[in-house]
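Subject: Structure handover

Hello,

Here is the structure I promised to pass on to you. Please open it first, and my notes on salt bridges and strands follow below.

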Amino acid sequence: TFSIVAKAASTLSIDPIANQNFTGNALTPAVVVKDGSRTLTLGTDYTSSYTNNVNVGTATVTITGAGNYTGTKIQTFVIIAKTASMLTIDPIANQTYTGALITPSVTVKDGSTTLTATTDYTVAYSNNTNVGTATVTITGTNNYTGTKTQTFAIVSKTASTLTIDPIANQIYTGAAISPTVVVKDGSTTLTLTTDYTVNYTNNTNVGTATATITGAGNYTGTKAQNFVIVAKAASTLSIDAIPNQTYTGA
């Protein structure tokens with residue numbers, strides 16, 4: 001009699017494994033194990049196990065001989081980053097102009113999985129100050145690569161939220177009076193024609209006149225401020241000289 005002993009798995013060959021795309025799940029690509037030109041059978045001739053097979057990087061599959069084979073042999077394969085173009089970015093609600101950079105939060109998903117900023121992606125914004133269309137760009141990190149963009153609208157701020165400094169009383173002149181107005185958004189003084197226009201009503205005669213600003217550029221809507229036109233002092237008037245008059249008895 002003689003004994004036939006198991007063949008060492010180290011003498012077997014494992015076909016190269018194609019690069020695998022990151023999915024967020026454990027990746028277990030099929031392996032092709034050969035003894036010479038003969039392809040062996042999983043479960044009968046060997047079992048397989050995987051390590052480091054979730055995230056981007058080098059994963060390992062280890063085959064362990066069974067039946068007529070003994071020992072182990074390993075083969076590595078590469079998990080490559082998923083392209084950001086395959087991700088989704090939730091719509092971003094309209095943002096109201098503030099005068100400062102606007103950086104709304106973004107929700108990025110890989111399928112139904114919500115990703116984590118800095119871990120899975122970074123965020124950059126452009127054209128995100130003035131009224132119009134702004135853009136947010138995400139750039140994949142770690143298990144993701146490439147970029148994807150989402151736009152959002154910056155809408156005009158309503159003029160009703162602005163303040164107009166009180167206007168000093170104006171003295172009647174006989175002509176339309178249009179005093180300068182000082183309009184502020186918080187502590188920022190706005191610019192005539194760029195941020196607003198002004199229209200005056202009831203601004204000639206003594207009484208209450210009105211200055212109405214209408215938003216322009218990054219502002220919309222109107223806001224009014226009253227001012228008073230006061231009577232001109234008679235002492236400022238002149239009286240033409242009156243010629244001498246001859247007594248008439250009347």
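Before the notes, one cut-off: buried means under 20% relative accessible area, exposed means over 50%, and partly exposed lies in between. Please also keep in mind that this is a predicted model.

Salt bridges

In total, seven salt bridges are present in the structure. As general background, side chains of opposite charge can pair when their charged atoms come close. Here are some of the pairs I looked at.

Let me start with Asp110 and Lys82, whose side chains form a salt bridge with an N to O distance of 2.7 Å. This pair links distant parts of the chain, with Asp110 in strand 13 (residues 108-110) and Lys82 in strand 10 (residues 82-83), 28 residues apart. Are the two partners buried or exposed? Lys82 has a relative accessible area of 14%, and because buried means under 20%, Lys82 counts as buried. Asp110 is buried too, at 11% relative accessibility.

Next comes Lys34, which makes a salt bridge with Asp15, where the closest N and O atoms are 3.9 Å apart. This pair also joins distant parts of the chain: Lys34 belongs to strand 4 (residues 33-35), while Asp15 sits in the loop between strand 2 (13-14) and strand 3 (20-21), 19 residues apart. Lys34 is partly exposed at 25% relative accessibility, and Asp15 is partly exposed at 27%.

Then there is Arg38, with a salt bridge to Asp35 at 4.0 Å, N to O. Here Arg38 is partly exposed, with a relative accessible area of 45%, whereas Asp35 is buried at 17%. Which residues are linked with Asp35 in a network of salt bridges? They are Lys7 and Arg38.

A three-stranded sheet

You may also like to look at an open sheet of three strands, in the order 20-22-23 and with antiparallel pairing. Strand 20 (163-164) and strand 23 (188-189) are at the edges; each has a single partner strand, so one side of each is left without a neighbour in the sheet. Strand 22 (residues 183-185) and strand 23 run antiparallel and are joined by two bridges. Within this part of the sheet, Lys184 stands opposite Thr189 in strand 23.

If you are choosing where to begin, I would suggest the pair of Asp110 and Lys82, both buried.

Best wishes

Methods: Residues numbered from 1 in each chain as written. Predicted model: local features only at pLDDT ≥ 70, side-chain atom pairs only at ≥ 80, totals over all residues. Heavy atoms only, no water. Helix = DSSP H or I, 4+ residues; strand = E, 2+ residues; numbered from the N terminus. Buried < 20%, exposed > 50% of the residue type's maximum accessible area, 1.4 Å probe, protein only. Pairing = 2+ DSSP bridges.
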